[in-house]
Amino acid sequence: MAKKRKLKKSVLVGMSIVVFFIVYGIAFYGFTYLENKDKPKTEVSEETKEDNRDLMTQLKSKKKIYMSSGDIKNIKVEEIYWDEIKYELTKLSKVRNQEKFTPTYTGYSDDGIRFSTDLDFFRIYTVNQEVYYKVPVAEKNKLDTLLNGSICTSFDFVKQYKTWKSVEISYNNKTKTIHKWKYDDLVYKMSAKRTVGKVQPEKNKDRSKYNFIIDIKGDNYDLKVETMGPYYVKISSNKGMAYYEVSIALYEYLRDEIFKLPVESDSYE
């Protein structure tokens, strides 16, 4: 009789545990249902809004543009140049698609619009569409200068030190050659914040005790980076010129480590 009572007791305990979990599950489900009942439903749609504008209009609306030419690849075009290029694009006229077309410059936006030109024609295309525009003869040199300048005066291009052949830095009548194993140190100090106009950098250049010129010779190009006080630089080549607000790190590197000039003599300190 004792064993029988013991068996019944264990069965009851087991059944109690099962019932507990069933009741707990029902209660939990009911609480969750009530909690979410009044919440607004959020529908997730993978559809993206289709842009039905013509490709030229779409391209001119883009902000981030990257360009390539020959061995120079994927250079970010600064806004000041892109605005000038967009103005030139208003002078082009739409024509039929061209069978023979070997581009000199290629480019793309950050969301899939691509373009290329051989300076006779300008092609804009996506996966699904393609259009061509004729470049007026009178505008070919201007377009060439703008596209080349947008690459060669980009801060992104200047920092591609693996294409550098030689670097010289000048201060007054002193010139120092930077050896290849220090190229990455120099580039590390270069950090652009934004493009700016001419007036403020030129004013800062006049106020600064120290100004430095970095002459860079690369594969088929020459560049000059001129500090204009601690906070600005001017980048120039035979294809164009651009001004940038920059981190003070470059100026301090040239003053303290390259030329070892006294800090106390600098009017900015």
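A charge sits over a ring if NZ of Lys or CZ of Arg is within 6 Å of the ring centre and within 35 degrees of the ring normal. The model discussed here is predicted.

Q: Over the ring of which residue does the charged end of lysine 134 sit?
A: A charge over a ring has to be within 6 Å of the ring centre. The charged end of lysine 134 is 5.3 Å from the centre of its ring partner. That partner is phenylalanine 121.

Q: Which strands stand at the edges of the open sheet?
A: Seven strands form this sheet in the order β9-β8-β11-β12-β13-β14-β10, with antiparallel pairing. Two of the strands have a single partner strand each, so one side of each is left without a neighbour in the sheet. These are β9 (174-178) and β10 (192-196).

Q: How are the rings of tyrosine 66 and tyrosine 108 arranged: stacked or tilted?
A: The description of an aromatic pair uses the distance of the centres and the angle of the planes. For tyrosine 66 and tyrosine 108 the centres are 5.4 Å apart and the planes differ by 20°. Planes under 30 degrees apart count as stacked, so the pair of tyrosine 66 and tyrosine 108 is stacked.

Q: Is tyrosine 171 buried or exposed?
A: Tyrosine 171 lies in strand β8 and pairs with phenylalanine 212, which is in the loop between α7 (199-207) and β11 (213-218). Buried means under 20% relative accessible area. Tyrosine 171 has 10% relative accessibility, so this residue counts as buried.

Notes:
Residues are numbered from 1 along each chain as its sequence is written. This is a predicted model: local features need pLDDT of at least 70, side-chain atom pairs count only at pLDDT 80 or more; totals for chains, interfaces and linings use all residues. Side-chain values use heavy atoms; hydrogens and water are left out. Two strands pair if DSSP finds at least two bridges between them. Helices (H or I, at least four residues) and strands (E, at least two) are DSSP runs, numbered from the N terminus. Rings of Phe, Tyr and Trp (its six-membered ring) pair if their centres lie within 6.5 Å; planes under 30 degrees apart count as stacked, over 60 as edge-to-face and the rest as tilted. Buried means under 20% relative accessible area, exposed over 50%, partly exposed in between (1.4 Å probe, protein chains only).
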